[in-house]
Structure formats: structure tokens, C-alpha cells
Amino acid sequence: MNGFDITGWGMSVPERVVSSEELAQRFGVDEHWIVSRCGIRERRAVGPGQTTASLAVEAGRRALEKAGLSGGDIAHLIVATATPEQPSPATSAFVHHELGIAGSAHDVNSECAGFVYGLVQAMALIRIDPRPILLIGSDTHTLTANPADRDLSILVGDGAGAVVLRPADRDRVLAWNLGADGSCTGSLKVLAGGSRMPTTEETVRQGLHYAQINGNEIYLNAVRYTVRTVRETLKEAKVEAADVNHVIPHQANIRIINSILGHTGLRTEALVTNLHKYGNTASASIPIALTEALDEGRIEDGDLVLLAGFGAGMTWGSVLLEWGGGDS
């Protein structure tokens with residue numbers, strides 16, 4: 001066996017809805033300004049007792065049920081997140097315990113590109129160890145956004161998405177591409193709380209434990225690097241952009257998504273987006289959109305599905321799949 005089928009999928013979002021109207025009132029701006037700026041009408045935010053791990057557990061449980069498996073059947077658990085349960089141990093350890101995972105567990109922090117990075121890791125793992133893998137993207141960036149930061153608060157939402165990969169004879173990955181540019185670490189950052197700047201009363205007083213974003217840098221690099229990775233993947237697969245049936249990008253900002261489509265030739269009709277409902281859920285955004293598309297019956301066997309993400313760092317990646325083998 002040298003491939004995999006995605007046979008289970010699931011998602012979890014908090015019940016609490018934060019509308020753009022609510023944020024418009026908080027920041028003294030027009031609701032239309034928020035929607036036109038980012039394409040987000042509402043987003044979800046965790047409530048008391050909800051965490052990155054609790055959302056991941058719920059999404060993972062639903063994916064396992066869909067696949068007809070239990071945690072005891074899973075050889076490897078990968079959790080992509082940039083908002084961990086706590087600094088140590090890894091979020092995957094908490095999820096591992098709650099789901100009764102039998103095998104190994106580790107985290108991936110590639111920010112919003114984390115799910116694509118995790119998928120490529122899973123692809124490599126299953127080739128050398130052909131047993132089921134559970135891959136989850138889960139983030140709670142509303143907890144890292146400064147409540148006074150308008151630009152970030154209107155973008156982020158919380159959620160988790162998960163897929164189960166089972167070994168298969170056929171390799172359905174037509175091509176993939178990953179990349180990073182470590183010179184861009186300043187465009188989206190949380191300065192305090194790590195070894196470079198341990199948390200102190202002063203860092204908390206200055207709000208350095210909150211995320212800080214340079215929106216213009218993120219916009220320009222997101223478009224540039226996502227266009228590059230999509231072109232590289234399509235070139236490697238020898239597939240024309242117009243032939244891709246479904247494009248599931250990281251759900252960051254509708255202007256970024258439209259710019260990527262315009263520069264790559266990917267069809268607008270192929271776009272899968274739920275940005276207006278959930279906002280930017282970081283590493284969870286691609287698996288949540290994939291789950292909704294599958295549950296709605298939009299993806300059929302033989303369809304070409306392109307997943308593409310970018311994140312702080314910068315990191316980026318894309319995977320082109322020929323869908324099939326699952327119960328879509």
C-alpha cells in the first residue's frame with residue numbers, strides 16, 4: 001500500500017456567535033465596512049470550558065464515527081494548532097487521552113497552513129506504516145486576539161475540523177508542495193510567553209501575550225506564496241487550473257482568496273468557502289470547509305480537490321487530491 005483514502009470527517013464550532021454587527025458596535029465602525037473588508041458576517045467564539053483540545057476532541061470523535069473506527073484503531077494522531085491547550089504538554093496529548101487513541105500523538109504548529117502540513121506528514125507516515133491516522137486542525141484565536149485590536153478581532157473565529165486517513169493501494173495525492181520563509185516572522189506574532197520573551201508582569205501589562213498583525217504584509221505574502229504553491233502543485237501534477245473541481249483554500253479573507261483565484265486561473269465556481277459563517281479559524285478552516293462540502297454532497301469520486309493554505313512565519317502548502325474511496 002502506498003496511498004490513503006479519507007474515510008471520515010467531522011467538525012466542531014462553538015455555539016456562541018459573534019456577529020459583525022456586534023463588532024461594529026464595539027469598535028464604532030459600520031458593519032458593511034467589516035463585511036466588505038474581509039467577507040465575514042459572523043464568527044464563532046469559545047465559551048467557558050471550551051478549549052482548543054475540547055473542540056479537537058469533538059471534531060475527532062465525529063470523524064471517527066463517520067469512518068466507523070474508534071480511538072483504539074488509530075495508529076497516529078496529528079493535531080495542527082497554533083493556539084495550544086497549554087505550553088506543555090502538546091495539545092495532542094490531551095486529545096489522545098480523551099479519544100482513547102492507541103498509537104502515537106504529536107502537534108504541528110505551522111499556523112494557518114498547519115492542516116496542509118499535517119496532511120503531508122500523514123501521507124508520509126501512512127506509506128511507511130499503513131494503519132489509520134487521525135488528523136485534526138483546531139484553533140481558538142479569539143483567545144489570543146486583544147479585545148481592543150479591531151483589525152484582528154474582526155478576522156478570527158474558533159473551530160476544529162478532522163479527517164481519518166486509511167491506507168489504500170491507490171495513491172490519490174497527485175502532487176503536493178510545502179514552503180516557508182522565516183524572514184517573515186514579524187508579520188503575525190505573539191511576542192511574550194516563549195523562551196525569547198518569558199511572561200512577566202510587564203509583558204502582560206503591555207499586552208504582549210496577545211497576537212499582533214501587520215495586515216498589509218500578511219496580505220501581500222499570502223497572495224504571493226499561495227499563488228506560488230498552487231502553481232507548483234498543478235505543474236507537478238500536470239493539471240490545468242481550469243480542470244480543478246474544488247478549491248478549498250485557507251479561509252482567511254475574501255480579498256486574499258479572490259486575488260489567489262485571479263492569479264492562478266482557478267475557477268470561481270470551484271471555490272469552497274464558508275468564510276462568511278466562521279471567519280478565519282486558522283488550521284481548522286480547511287478541514288471545516290472540506291467537511292461541509294462533503295456533507296453537502298458537493299464532492300464526488302474522481303473530482304480533483306485542491307487544498308491550499310498559508311500561515312504566519314510564513315508557511316504555505318498545497319495538496320491536489322483525486323477524491324475517491326471514501327463514503328462521500
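This is a short dialogue about residue D158 and the sheet around it.

Visitor: What kind of model is this, and how are residues numbered?

Guide: The model is predicted, with local features needing pLDDT of at least 70, side-chain atom pairs counting only at pLDDT 80 or more, and totals for chains, interfaces and linings using all residues. Residues are numbered from 1 along each chain as its sequence is written, and side-chain values use heavy atoms, with hydrogens and water left out.

Visitor: Where is the place of D158?

Guide: Strands are DSSP runs of E, at least two residues, and helices are runs of H or I, at least four residues, numbered from the N terminus. D158 is in strand β7 (residues 158–168).

Visitor: Is D158 buried or exposed?

Guide: Buried means under 20% relative accessible area, exposed over 50%, partly exposed in between (1.4 Å probe, protein chains only). D158 is buried.

Visitor: Which side chain of opposite charge is nearest to D158?

Guide: Lys and Arg count as positive and Asp and Glu as negative; His and the chain ends are not counted. A salt bridge is a side-chain nitrogen of Lys or Arg within 4 Å of a carboxyl oxygen of Asp or Glu. The nearest side chain is that of R16, 7.0 Å away, and D158 has no salt bridge.

Visitor: Which backbone nitrogen does the side chain of D158 reach?

Guide: That of V46, at 2.9 Å.

Visitor: What is the strand order of the open sheet?

Guide: Two strands pair if DSSP finds at least two bridges between them. The five strands run β1-β7-β6-β4-β5, with mixed pairing. The edge strands, β1 (3–12) and β5 (104–108), each pair on one side only. β1 and β7 pair in the antiparallel sense over nine bridges, and G10 has A162 in β7 as its bridge partner.

Terms used: A polar contact is a pair of N or O atoms within 3.5 Å; within protein, one must be able to donate a hydrogen and the other to accept it, and residues adjacent in sequence count only if both atoms are side-chain atoms.
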